[in-house]
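Notebook open, model loaded. I want to jot down what I look up as I go.

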Amino acid sequence: MAKGKGGRCSVRSEAGSPFALMTLEIRRRLATGRGRWAARLRRLRRAAGQIFYGMTVFDMVMELRKAKGRREELFTLVVFGPLLGIPIIPPYWALRLLPFIADKVGPWRRSLMRERDFTDIIDQEIG
Amino acid sequence: MNALAVIAIGLVVAFGGYRLYSRTIDRRVMQADPKKATPATLYMDGVDFMPTHRNVLFGYQFKSIAALGPIIGPIVAVQWGWLPALLWITLGTLLIGWVQDYSSIMIGVREQGLSFGALSYKLISPRGRVILLTFIYFYLLLIMGAFGKIVGYDLLTNTAVPLGVLLAILVGMGAGQLIYKMKLDIVWVTVITVGLALAGIWLGTQPAVREVFTWVNGGEKSPVLFLGITQAQFVWSVVVMAICFLGAVLPIWAFAQPINYVSFWIVSLGVLGGLVGLLIWRPGFGDFPMFTGWEVQGLGPLWPILFVTIACGAISGWHSLVSSSGSARQLEKETDALPVGAGAMYMEMVFALTAFLAATVGFGSFAAYKTTLAKGPGGIFAGGLATFLSYIGVPKTFGVAYGSVFLTIMALTIMYLVIRFMRVASAEFVGDFVPAMKNIYVGSFVAIVLSLLLVWTGFWQRIWVLFGGANQLMASLALMLVTIWLIASGREYRWTMYPMIFMFVTTVAALLYTAYSVFYQVATTPGLTPDKVVGNLIAGAIAVFLVVAALILAWDGSKVIRTHQAARLRAAAAKA
């Protein structure tokens, strides 16, 4: 298309008549308008969907999120509590009770770590 | 006057008010900044603070604030004529309602997501927090009394209704199992459960089923058991409280939430169908009077009683709790507060206008409305909705049952959550002195017993006025908190202060008037039955307590306001 004055594309020379020019212009406006209206409709549909989601299942999602978050907090507290300065029961009471089991730690460790196989149960009552 | 004109007025007020007034306040006074970090984006702990799109929050906010208030309030208030009720619904929302909702969200956002209890501690005094929380407990008790009365005495005693409600609850519990345990697709769950619920409502209208519930009620004319309470009223009030007990103690995913989900569909299909029927019918108001007089027998004078009768449809303290503890912690941007807070409140106004129309045009005449209202407000809404639905081909008998189930389910979804709050509140207040109150069953049981006491002894219109008074008073206290915050931050505050003063004076007057009426009735009516004496005394005592609590809070608040105003004046003088 030849560029006319003001940088506008001119089809006059190619189309050959004002009517064709007008038709092209109308088609161009319709296409742009449709595109704009289609975009508006899409935005409206998306907004309606989001509002609908907010009214229906959003509170369930929030509740699930909170339940998950509370479990994660509990896990962090139990595992990393002492690192955060919170005296969690196992390490605190473990230290308090340590003097009572100190002499039993060796035998306990040996018993726990000992390799076992099925012949270990030969001395038990079977049958 | 035509029904479409009312809808048009509502839409004009909503759009005009939002664009002209609300937006001006948001931009010029609060100066909402889309680039400023909100608590949701700042903390983002994935538990309480999580940024959420404004459209989702709008739906969530609207669903949280829309309860029985915008429905029953207008139905009762049109006894003064349609004009006063219409003016309060529209102007109340425009000048006060959206102000409270929006400002509660903004103050929550600007104060790092603090709840109202914490805000009253910070902005007023430590005593302010204790008083506010105690106030909220009694407010919750009044919700139970008001809703429990309407549901247990009015709606469920209609033999066409109970099966629909009970099946909706069972189906809701089933929905919980389908979603969480069987992990079924939500679309299928919706189709199955909502279909079953609708079938249950239809089944409830069948003669054979109605006969069963007539037998449960003790016959066509239910016999009086004790204290003027009929067998039907006793049975259904106990059933309602049993449902609330289950809702308070069972895990939320197993009972409360899935039932809320199913009830959303029942309510929204009813509202949609009703609106379409209304648009097809386009009725006029007929002989419904514009104004009946300054006083209504059994209710009281237009001022202050009308302004507390229509609670959530114009302004409601409940919204400030939802806004500050819920939406404020999930706002993505400050500029979202306006569409979420103000938008949801304007939408609630339109919802209230639908109930207003059910009362004014749904019965054909003022006399028919008054006759039906004598039995209870639930029948007004159910009958009105049935009339609207009949214009889209829904049979009237089904429509009345549908409207009743609609209201009952809506009330129940709020009531069992209220019992949960009451249980947590009582554990916090008295748990250290009475360790048993920390037990969820004991706490819930105590709340249920107190609620039943109110239901069995109170007169429903009086409890409704008390509930409205407590609700609006909490709204004025929320506005007081916002006013203090605005003054402290050097912003224009008259847009919250004048509504606060109006609501405070009106609600205190309404509560004092109610207290005077009940004590006067006890003192001057010989031969009053014991239940009425007890009911009146309880109602009066609650009214007096609420007024005293509000006055103490207002006194503490006014001291803080004066301190901040003096500081502002000194700063202005120093600048000059």
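How many helices and strands are there in chain A? I counted five helices and two strands in chain A. Note to self: this is a predicted model.

**Entry 1, chain A.** I read along the sequence of chain A and got the pattern β-β-α-α-α-α-α. Then I checked burial: of the 127 residues in chain A, buried ones make up 5%.

**Entry 2, where chain A meets chain B.** I looked up who takes part in the contact, and found 17 residues from chain A and 19 residues from chain B. On the chain B side, α3 (54-65) and α12 (256-281) each supply at least two residues. I asked myself which element gives the most to that side. My answer is α3(B), with eight residues. Sorted by class, the side of chain B that touches chain A has twelve nonpolar, five polar and two charged residues.

**Entry 3, a helix pair inside chain B.** Two packed helices are described by the angle between their axes and the distance between the axes, so I looked up both. For α6 (residues 116-123) and α20 (residues 460-488) of chain B, the axes come within 11 Å and cross at roughly 50 degrees. That angle is neither under 35 degrees nor in the 65 to 115 range, so α6(B) and α20(B) are oblique to each other. I also noted that the crossing of α6(B) past α20(B) is left-handed.

Which residues meet there? From α6(B) I listed B:F116, B:L119, B:S120 and B:L123, and they meet B:A478, B:L481, B:I484 and B:W485 in α20(B). The class split for this contact is seven nonpolar, one polar and no charged.

Terms used:
Residues are numbered from 1 along each chain as its sequence is written. Chains are lettered from A and ligands numbered from 1 in the order in which they are written. This is a predicted model: local features need pLDDT of at least 70, side-chain atom pairs count only at pLDDT 80 or more; totals for chains, interfaces and linings use all residues. Two residues are in contact if their C-beta atoms, placed from the backbone, lie within 7 Å. Helices (H or I, at least four residues) and strands (E, at least two) are DSSP runs, numbered from the N terminus. Ala, Val, Leu, Ile, Met, Phe, Trp, Tyr, Cys and Pro count as nonpolar, Asp, Glu, Lys and Arg as charged, and the others, Gly among them, as polar. A residue is buried if 20 or more other C-beta atoms lie within 10 Å of its own, exposed if 12 or fewer, and partly exposed in between; C-beta atoms are placed from the backbone. Axes are lines fitted to C-alpha atoms, for helices over the stretch in contact, and angles run from 0 to 180 degrees between N-to-C directions. Angles under 35 degrees count as roughly parallel, over 145 as roughly antiparallel, 65 to 115 as roughly perpendicular and the rest as oblique. A crossing is left-handed if the near helix is turned anticlockwise from the far one by less than a right angle, and right-handed if clockwise.
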